[in-house]
Amino acid sequence: METTALRNNFALRKVANRYPLRRHITAFFATLLVIAMLALGAFAAWQIFALLALPDDQKELGVNRIIWMLVIVSALLLLMSIFAVWELARRLSKPLRSLADEAQSIRDFDFSNGVAVNTGIEEVDELSIIMNEMKTTIRRFLEIGSSLTAERDLHSLLNRILREMVDVSRAVGGVIYLLEEDGSALRFETGRNAEGQTFEAMDEDYATRVPLEIRNSIISDAAMRRKIEDRRVRTDEIKSVDRAIATKLNVKGQHVELIAVPLLSPRGEALGVVMLVHEADGKAESETASGHLLSLIKAIAGSAAIALENQQLMLAQKNLMDSLIKLVASAIDRKSPHTGGHCTRVPALAKMLAEAAVKQNYGPFANFRLSDQEWEALELASWLHDCGKVTTPEYVVDKATKLETLYNRIHEIRTRFEVVKRENEITMLRGFLKGGSSLREVERQIAEFNAVIDQEYAIVAEANIGGEGMPPEIFERVKEIAQARTWTRTLDDRIGISHEEMTRLKAQPPKPLPVLEHVIDDKPEHVVIREERDQMPADNAWGFKLRVPSHKFNLGELHNLSIQRGTLTDEERYIINDHIVQTIIMLESLPFPRHLRNVPEIAGGHHERMDGNGYPRRLMGKDMSVLARIMAIADVFEALTAGDRPYKKAKPLSEAIKIMGAFKRNGHLDPDLLDLFLESNVWMDYSYRFLNPEQMDEPDIRTALSIRPASEPIGPRAGNMGAETPRRIA
Ligand SMILES: [Fe+2]
Ligand SMILES: [Fe+2]
């Protein structure tokens, strides 16, 4: 629209029927002189006739009177002339005053109102037109600059640049090529044809990628020379890439003007080229873009190049950040076979569920929409949702048996049982040497004892395996064995050990050797005290509500064998759960840009429960964003169906969906989102992408959908660390 105004102004200047100032002033004074002469002549004639009519004796008196009258009339005419000149000056200065005000408003960057001056004086009117053009041009330039800066998407920016430049230069159409990363060729990005339609591809490969060294186009010339190339040619004489472009733009007419404008960075590096095509039939040189608009095109190209470079830099930084985030996620996945591809599959599932929520146009998510920035936040959050796992010790994550620390201590205990057997054998054989029972009897007793020890060790070894639930009588038997069986230690246990272990041992006075020890024991040095730095105060800055175990570790052998379910002690489970605490601390310490500020909230809520019994903040569902609740569902489903965990078989779909339904009933997962997950077949789409064929059985979706939460969310229970998730670590 603004460009149309520009064109009209130029047209106005051409057709206006105005006269120069010198002609106006000459005409004015000539008219004034004629009027004065006529007035004086008429008055003199009238007085002369009156004088002739007088008697002779009065003629002398009459002459004097005529002289006086002429003096008075002349004075009056002079006064009238002064007034006329003053009026002329006033009329001339009025439009000049308006133009001065206009210039002042331009100086003050106020482009709001244009002044229409129409004096009939050519210089003044033309000055007025030029000032309006200047005002329009500056305003347009500023608007283009700010609109280019405001574009956040590289593709939209390129289209915007092209549209503005085509419009301002009154071109038929144009194309944009960007320089490839290594600077060897220009690659087609976008085009705009004579009908104002955008196209995203060229028909010929040679016009899609234009190597700079071939120099077969005006665009490669502009990129190489880094200056505007302007050629006026016959349409049928255009060759190669330029012909392909002109054809694609639908250029008609016999003559065209091709203008290739390089997009130069502030350092003078070519980023790309905009090519504009003008129809030049019947137009004089000054009427084409190579006239007065070329400077404006060049200035717009400068602004466009800055905006383009900023976009490319931002895109490069975003790509780098995305790569770093994915690097962290894949490092976590590689760190332990217990997490497998979790960190890479959860983002896919979270995105699928969010897309289903956006698509739903009824029910609880009828109005749920996500902006581009929110999509970006979800993607980042889902990739980073378990980043705290980098701090989780592998020996805890991978703890496969109850006695495992950095190695499985069952081997140490087995050796002690062997020692027990040998010590018994030695004692028995010594008795034989002293003349006791017969050798056969001794050997029988030794074999009998060994069989008992073998059986007892088998019970201990079995208790070392983590399972769904160890019967209490098994552990009672382990305790009896531990109490009953001893071995003799004759070596100092305080040499060859670490400083930390020595510190723990020093708390107890050393026992004189030889010392009798139990085959399985809980010793004071097995307990590792939690230092101040490992505490999490109740009034912590992150709002974590954690029950921190008083010990950092309890390596007691009996203590570990007493684990009822799985292989982890309370202390180790705290470490496992700590991954989400560390995730939140890490993410909240990052200086996310404004539009990504909610990444920590989205990422850090996947272990919360809708009933407020999750961790680490014990949030209620209503206190969590939809995206955080989506993350929780994605995290659970991935963990249930993962097929790459060495410690468990992948659950079939039917079982996973059944468990998800139970999680809806017990207030673990968001019921609305879970229903959406089931109804929208996200579970099925995900299964086809990521599950093994043998997992793909027939889940009972209808039953899972019919489940309602057992009660309304009840809020956090005091003193509860958070309900145990059936997932080991997800
Ligand atoms: Fe997690
Ligand atoms: Fe997870």
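1. Let us start with lysine 399 in this predicted model. Leaving aside residues up to four places away in sequence, lysine 399 touches Glu404, Thr567, Leu568 and Glu572. Its place is the loop that runs between helix 12 (394-397) and helix 13 (410-433). One of the partners, leucine 568, is 169 residues away along the chain, yet the C-alpha atoms of lysine 399 and leucine 568 are separated by 7.4 Å. Is lysine 399 buried or exposed? Lysine 399 has 25 C-beta neighbours inside 10 Å, so it counts as buried.

2. It helps to have the domains in mind as you look around. The domain assignment of the protein chain gives domain 1 (2-119), domain 2 (151-315), domain 3 (341-386 + 569-706) and domain 4 (410-561). Note that domain 3 is written as two segments, 341-386 and 569-706. As for spacing, 122 Å lie between the C-alpha centres of domain 1 and domain 4.

3. Aspartate 578 is a good residue to visit next. You will find aspartate 578 in helix 18 (residues 570-589). With 23 C-beta neighbours inside 10 Å, aspartate 578 reaches the cut-off of 20 or more and therefore counts as buried. For a sense of scale, take phenylalanine 43, which is 535 residues from aspartate 578 along the chain: the C-alpha atoms of these two residues are separated by 115 Å.

4. Now to helix packing, beginning with helix 4 (residues 122-150) and helix 5 (residues 154-169). Their axes come within 10 Å and cross at roughly 165 degrees. Helix 4 and helix 5 are therefore roughly antiparallel to each other, and the crossing is right-handed. On the helix 4 side, the contact is made by Arg140, Ile144, Ser147 and Leu148, while helix 5 brings Leu157, Arg160, Ile161, Glu164 and Val168. Sorted by class, the contact of helix 4 with helix 5 holds five nonpolar, one polar and three charged residues.

5. Helix 4 also packs against helix 9 (residues 293-335), at an angle of about 20 degrees and with the axes 9 Å apart. That angle is why helix 4 is roughly parallel to helix 9. The crossing of helix 4 and helix 9 is right-handed. Helix 4 contributes Thr137, Phe141, Ile144, Gly145, Leu148 and Thr149 to the contact, and helix 9 contributes Leu296, Ala299, Ile300, Ser303, Ala304 and Ala307. How many charged residues are in the contact of helix 4 with helix 9? There are no charged residues in that contact, which has eight nonpolar and four polar ones. If you are following individual side chains, Ile144 and Leu148 of helix 4 are listed in the contact with helix 5 and also in the contact with helix 9.

6. A further pair to inspect is helix 10 (residues 342-359) with helix 11 (residues 372-384). The axes of helix 10 and helix 11 come within 8 Å and cross at roughly 150 degrees, in a right-handed crossing. From helix 10, Cys343, Val346, Pro347, Ala350, Lys351 and Ala354 take part, and they meet Leu378, Glu379, Ser382 and Trp383 of helix 11. By class, seven nonpolar, one polar and two charged residues make up the contact of helix 10 with helix 11.

7. Two peptide bonds deserve a look, since most peptide bonds are trans. Leucine 513 and proline 514 are joined by a cis peptide bond, with omega about -10 degrees. Proline 514 sits in the loop between helix 16 (499-506) and strand 9 (515-518). Another cis peptide bond joins tyrosine 615 and proline 616, where omega is about 10 degrees. The loop holding proline 616 lies between helix 19 (599-603) and helix 20 (626-641).

8. Finally, some backbone angles. Most residues other than glycine have a negative phi. Arginine 226 is not a glycine, although it has a positive phi of about 55 degrees. This arginine 226 is in the loop between helix 7 (218-225) and strand 5 (229-234), and it counts as exposed because it has 12 C-beta neighbours inside 10 Å. Serine 240, also not a glycine, has a positive phi of about 50 degrees. Serine 240 belongs to helix 8 (residues 240-249). With 16 C-beta neighbours inside 10 Å, serine 240 counts as partly exposed.

Notes:
Residues are numbered from 1 along each chain as its sequence is written. Chains are lettered from A and ligands numbered from 1 in the order in which they are written. This is a predicted model: local features need pLDDT of at least 70, side-chain atom pairs count only at pLDDT 80 or more; totals for chains, interfaces and linings use all residues. Domain bounds come from an automatic or database domain assignment. Helices (H or I, at least four residues) and strands (E, at least two) are DSSP runs, numbered from the N terminus. Two residues are in contact if their C-beta atoms, placed from the backbone, lie within 7 Å. Axes are lines fitted to C-alpha atoms, for helices over the stretch in contact, and angles run from 0 to 180 degrees between N-to-C directions. Angles under 35 degrees count as roughly parallel, over 145 as roughly antiparallel, 65 to 115 as roughly perpendicular and the rest as oblique. A crossing is left-handed if the near helix is turned anticlockwise from the far one by less than a right angle, and right-handed if clockwise. Ala, Val, Leu, Ile, Met, Phe, Trp, Tyr, Cys and Pro count as nonpolar, Asp, Glu, Lys and Arg as charged, and the others, Gly among them, as polar.
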